[in-house]
Amino acid sequence: TTSNAYSYYPIRDKSTFSYVDTTTGGLTVNNKSTIAILGDTTIDSKIFIKASTDASEAITYYNNKDGVTTLVSYNGNDKITSTVLKANEPIGAVWKDEFMNAGIPTTYLWKIVAKGIEKTVLGIKYINVIHIHLDGIADMPVQGKVIFANSEYYYAPNIGLIENITNNPST
């Protein structure tokens, strides 16, 4: 598989992830899932890990090579490709993903805000953290370009995502 021993986005069979929502006035576990590795597959000439979780029937494909983490999922016939992390790029590096989602042209704009920082989440201190910013933009037929995601992601080595902060979420 393409999973690295030292990775900011480790994917391992039977990994369990618990996500805690701290915005609702208290600590509430709102999602707990276990990943099942279903094998490898090739997409666009790259090898991806095919995985599912017990929390969803959806299949997600993961490629983590040379510090670049790409996820692929499908919404009907639309292939959604997200390069969620470029761990070896310098602070200030930017990139974008463009795809159709439910027939709507969509763009993810990513930026490395900080690297090598310390971050404490729920009392646990993480070191060598990477901070990524995301703006998600949908090109709606009547409204034009609408920002639907404005988020901060924090990744710790060999742990993965330790915190996601959603700013001004749209519904």
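## Exercises on a predicted all-strand model

N158 is partly exposed, with 34% relative accessible area. This residue belongs to the loop that links strand 10 and strand 11. Although N158 is not a glycine, its phi is positive, at about 60 degrees. The model is predicted, and the exercises below work through it from the whole chain down to single residues.

### Exercise 1. The chain as a whole

Task: state how many helices and strands the chain has, and what share of its residues count as buried.

Solution.
Step 1. Count the elements: there are zero helices and 11 strands. Read along the sequence, the pattern is therefore β-β-β-β-β-β-β-β-β-β-β.
Step 2. Turn to burial: 39% of the 171 residues count as buried.
Step 3. Add the surface: the accessible area of the chain comes to about 9900 Å², and carbon and sulfur atoms hold 51% of it.
Step 4. Look at contact range: of the contacts between residues at least 6 apart in sequence, 33% join residues at least 24 apart.

### Exercise 2. The sheet

Task: give the strand order of the five-stranded open sheet and identify its edge strands.

Solution.
Step 1. The order is 7-8-9-10-11, with antiparallel pairing.
Step 2. Strand 7 and strand 11 (160–166) are the edges, since each pairs on one side only.
Step 3. From one strand to the next, the twist averages 25 degrees.
Step 4. Take the bridges pair by pair. Strand 7 and strand 8 are joined by eight bridges, strand 8 and strand 9 by 12, and strand 10 and strand 11 by six.
Step 5. Place some partners. N101 is bridged to I104 in strand 8, K119 stands opposite Y126 in strand 9, and Y154 stands opposite E163 in strand 11.

### Exercise 3. Two hairpin turns

Task: find which residues take a positive phi in the hairpins of strand 7 with strand 8 and of strand 8 with strand 9.

Solution.
Step 1. In the hairpin of strand 7 and strand 8, two residues lie between the strands, and A102 in the turn has a positive phi of about 55 degrees.
Step 2. The hairpin of strand 8 and strand 9 also has two residues between its strands. Here L122 has the positive phi, about 50 degrees, although it is not a glycine.
Step 3. Classify L122: its relative accessibility is 52%, so it counts as exposed, the cut-off being over 50%.

### Exercise 4. The nonpolar cores

Task: describe the largest nonpolar core and say which strands each supply at least two of its residues.

Solution.
Step 1. This core has 24 residues, and L85, W110, I132 and Y155 have the most contacts inside it.
Step 2. Strand 3 (46–53), strand 6 (78–86), strand 7 (94–101), strand 8 (104–121), strand 9 (124–140) and strand 10 (144–156) each supply at least two residues of the core.
Step 3. Apart from this core lies another, of six residues, among them V121, Y126, Y154 and A156.
Step 4. Examine Y155. Leaving out residues up to four places away in sequence, its contacts include Y8, Y9, V84, L85, I130, I132, L161 and I162.
Step 5. For context, nonpolar side chains in soluble globular proteins tend to be buried together.

### Exercise 5. Burial at T107 and S151

Task: decide whether T107 and S151 are buried or exposed.

Solution.
Step 1. T107, in strand 8, has a relative accessible area of 18% and is therefore buried, the limit being under 20%.
Step 2. Beyond its neighbours within four places in sequence, T107 is in contact with K96, D97, E98, D135, G136 and I137.
Step 3. S151, in strand 10, has a relative accessible area of 4%, so this residue is buried.
Step 4. With neighbours within four places in sequence set aside, S151 contacts I132, H133, L134, N164, I165, T166 and N167.

### Exercise 6. A contact after strand 11

Task: work out which residues N167 contacts, leaving aside neighbours within four places in sequence.

Solution.
Step 1. N167 is in the segment after strand 11, and at 24% relative accessibility it counts as partly exposed.
Step 2. Its contacts are N150, S151 and E152.
Step 3. N167 and E152 are 15 residues apart in sequence, with their C-alpha atoms 7.9 Å apart.
Step 4. The two side chains, of N167 and E152, make a polar contact at 3.2 Å.

Notes. Residues are numbered from 1 along each chain as its sequence is written. This is a predicted model: local features need pLDDT of at least 70, side-chain atom pairs count only at pLDDT 80 or more; totals for chains, interfaces and linings use all residues. Side-chain values use heavy atoms; hydrogens and water are left out. A nonpolar core is a set of buried Ala, Val, Leu, Ile, Met, Phe, Trp, Tyr and Cys residues joined through side-chain atoms within 4.5 Å. Buried means under 20% relative accessible area, exposed over 50%, partly exposed in between (1.4 Å probe, protein chains only). Helices (H or I, at least four residues) and strands (E, at least two) are DSSP runs, numbered from the N terminus. Contact means heavy atoms within 4.5 Å. Two strands pair if DSSP finds at least two bridges between them. Axes are lines fitted to C-alpha atoms, for helices over the stretch in contact, and angles run from 0 to 180 degrees between N-to-C directions. A polar contact is a pair of N or O atoms within 3.5 Å; within protein, one must be able to donate a hydrogen and the other to accept it, and residues adjacent in sequence count only if both atoms are side-chain atoms. Accessible areas come from the Shrake-Rupley method with a 1.4 Å probe; for residues, only the protein chains shown count as cover.
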